[in-house]
Amino acid sequence: MCGLVGFFSGVVLDDPQAGFRALRRMTNAITHRGPDSEGYWADEPAGLVLGHRRLSILDLSPAGHQPMHSACGRYVIAFNGEIYNHLDLRARLERDEQAPVWRGHADTETLLAAFAAWGVVPTLETAVGMFAIALWDRQQQSLVLARDRFGEKPLYYGFQGDGWQEKSWQGASFLFGSELKALAAHPQWQGELETDALENYLRFGCVRGEQSIFRDIFKLPPGTMLTLSRDQAWERCLPEPTLWWSVQQAAGSAIHEGRITDPTAGIDTLEQALRYSIGQRMVADVPLGAFLSGGVDSSTVVALMQAQTERPVRTFSVGFDDARYDESSHAEAVAAHLGTEHMTLKATSKMALDLVPRLPEIYDEPFADSSQLPTALVSRLTREHVTVALSGDGGDELFGGYNRHLWVPRIWRKLKRLPLPARRALALTLETIPTHAYDRIMQLGGRILPSRLRLRTFGEKLHKLAAVLESPSQQALFAGVSSMNRTPSALLASSKHGNDPETLYPALTQFDNVEWMLLMDTLHYMVDDVLVKVDRASMASSLEVRVPFLDPGVFRAAWRLPPEIKLREGQGKWVLRQVLYRHVPCELIERPKMGFAIPLDDWLRGPLREWAEDLLSSASLDELPMLDAHQVCRLWQAHLKGQGHYAQQLWTVLQLLAWQRRWQSKLP
């Protein structure tokens, strides 16, 4: 696991030493991604410079140093990630007549040999792993950027410098790298705010899709590659990324291969695929462990890890001093049953308070999934003991683990019986009463109602019901329940109407409603939220995290299973649970899904209040005039008075303001 950087101008480097100084600033900005060594290389006539920071996982010797040259001399690579089947690729290459003479056993060397023997696209299609790649073809004088199938590893790119949009070759370069802070260290960085990204950021809590928070800087989409020739670099011509692998096509191909309708056969097939994937991801030349929350996904990964080794697996979890958000006892029970060597970090609000100011530095873009805090804390704990950890991310998206996967179709079947005008009228009636007034009514009736009916957030739930009633379609209903903030335009000074949430997700008629939701969460929520959260939080502590569920074999097995085997008996992830229950008693697992939540409501009113109010000051809000300062302050006061539950909406605003403060020296 590493970090890569570079820039490409298409013209001869007039001052190579200045180029290397710029490159060192870029690599130094991401030292956390690769603290073990650094490397630099340039093709001076082409104006191409590559840099690399290395976190040594396989082949700790100098034979794994990057940038690395192919044996034939044609290719030079800077590579971030792991190729889990690289030994299989080596065996294939060794069967060729012109077998490579290996210098070491790094997967980077395997990739280079495969590129030379088979070409770029066939190699990418054959490689199984997580990766971001910058490959320089000295023969073709072209740069190839490529990203793994699911987007586990990040890769940013774009032209920066005066005049590039006017095709002026002077003072502009094509920058690329693993994190935005690396690009920002280049002297031609401009860093203009991309205001068009703000509405969707406020809706989802992350910057989605190919956009970044900076104008003219983009994220390479998962499963794509971008090829930039020397002429294109010189002409400042930015080509479109092209697909080499597609989630949608792979899902369709798995279905076409044939459904596994027998539940027992489905369980067997899935367990076999997971065992193989996990076994591949347990190969490392450094200490290895796993995250363990005690939920279905991480418990399954750890159970199948422990089944493949005689030594106790090292497992790590995080708990809180607030019992409502503490799942650590469940993780400890699973660990005790499996016989792992387990450690628990008891996180406090003080730990969170110390970490919160660092979030804009860790994430580079505004990012408001509050589970970023426990993820960063458990990553820090884990890195004290191991260098690689396996996680259970991806299980919800593949097997239907979110509540919305169960109840959106169920509710929509009932909703559509009532005409939309009638539903909207009922919703308007519910919304006329503020949430805190409903809560007061509930408190007054508390003496009469049985305890199970005394809802602490009664008003919020009724307002959510009103939003559900207003949904014109199942797609719109899904868009609403998968949003952090249903009406983000209300927080913006210049966007009062907002985007139609139904248009945020494409219609895919070849998939049924449940499978459509799983695909949308895989393509969007997982890529833009879950994987970003895990990559940045773990790499900030120089920890490599591997995700066994995001394996093409596991993906294929999952998509051969029909929805009625994934969601069954009123449960999501039914088939995955059955795999787990072969190793762990169900009574250790079965409980309401909590997620990786924190007591955000209470923290914002308590230990984080001073931090929040500093960010919400008039001077701070003035720095982002596109925000509606009056509406933001109204939400904050309502939250402090307990007149509604706005912690999540406020967290998105606070992270945006914190990001702006950290990056304002870079903004024009």
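Select serine 178 to begin: in this predicted model, serine 178 is buried, with a relative accessible area of 0%. Serine 178 sits in the loop that runs between strand E9 (172-177) and helix H5 (180-184). Display its surroundings, setting aside neighbours within four places in sequence, and the contacts of serine 178 prove to be Gly3, Leu4, Arg33, Asn80, Pro154 and Tyr156.

Next, select glutamine 66 and proline 67. The peptide bond from glutamine 66 to proline 67 is cis, and its omega is near -5°. Proline 67 belongs to the loop between strand E3 (48-54) and strand E4 (68-69).

Two residues with positive phi follow. Arginine 236 has phi near 60°, a positive value in a residue other than glycine. Arginine 236 is found in the loop between helix H7 (230-235) and strand E12 (242-243), and with a relative accessible area of 1% it is buried. Then go to serine 542, a residue other than glycine whose phi is also positive, near 55°. The loop holding serine 542 connects H21 with strand E17 (544-546). Serine 542 has a relative accessible area of 11%, under the 20% limit, and therefore counts as buried.

From serine 542, step back into helix H21 (residues 513-539), which supplies the largest share of the largest nonpolar core, 13 residues. This core has 183 residues, of which Ile133, Leu604, Trp611 and Trp651 touch the most other members. Centre the view on tryptophan 651. Not counting residues up to four places away in sequence, tryptophan 651 touches Leu600, Leu604, Leu608 and Trp611, among others. Its partners also include Val356, Leu359, Ala368, Asp369, Ser370, Gln372 and Leu373. A second, separate core has 22 residues, including Leu155, Tyr157, Phe176 and Leu228.

Helix H21 also leads to a pocket. The second largest pocket takes the largest share of its lining, 9 residues, from H21. The lining has 32 residues, and those nearest the pocket centre are Gly209, Pro221, Pro222, Leu523 and Val527. The volume of this second largest pocket is about 600 Å³.

Now select leucine 355, in helix H12 (residues 349-355). Leucine 355 counts as buried because its relative accessibility is 2%. Beyond its neighbours within four places in sequence, leucine 355 is in contact with Ile362, Leu373, Ala376, Leu377 and Arg380. One of these pairs is worth a distance label: leucine 355 and leucine 377 are 22 residues apart along the chain, and their C-alpha atoms are separated by 8.5 Å.

The last stop is helix H17 (residues 420-431). How far apart are its end C-alpha atoms? They are 16 Å apart, which agrees with the 16 Å that 12 residues should span at 1.5 Å a residue. Colour H17 by accessibility, and Arg423, Ala427 and Leu430 are buried. These three cover an arc of only 60° around the axis, so they lie on the same side of H17. Pro421 and Leu428, on the other side of H17, are exposed.

Technical notes. Residues are numbered from 1 along each chain as its sequence is written. This is a predicted model: local features need pLDDT of at least 70, side-chain atom pairs count only at pLDDT 80 or more; totals for chains, interfaces and linings use all residues. Side-chain values use heavy atoms; hydrogens and water are left out. A nonpolar core is a set of buried Ala, Val, Leu, Ile, Met, Phe, Trp, Tyr and Cys residues joined through side-chain atoms within 4.5 Å. Buried means under 20% relative accessible area, exposed over 50%, partly exposed in between (1.4 Å probe, protein chains only). Helices (H or I, at least four residues) and strands (E, at least two) are DSSP runs, numbered from the N terminus. Contact means heavy atoms within 4.5 Å. The expected span of a helix is 1.5 Å times one less than its number of residues. The arc is that of the directions from the helix axis to the C-beta atoms. On a 1 Å grid over the protein atoms alone, a cavity is a set of points where a 1.4 Å probe fits but cannot get out, and a pocket is an open set with protein on both sides within 12 Å along at least five of seven lines; lining residues have an atom within 4 Å of a point. Grid points are joined across faces, edges and corners, and a volume is the space filled by probe spheres set on the points.
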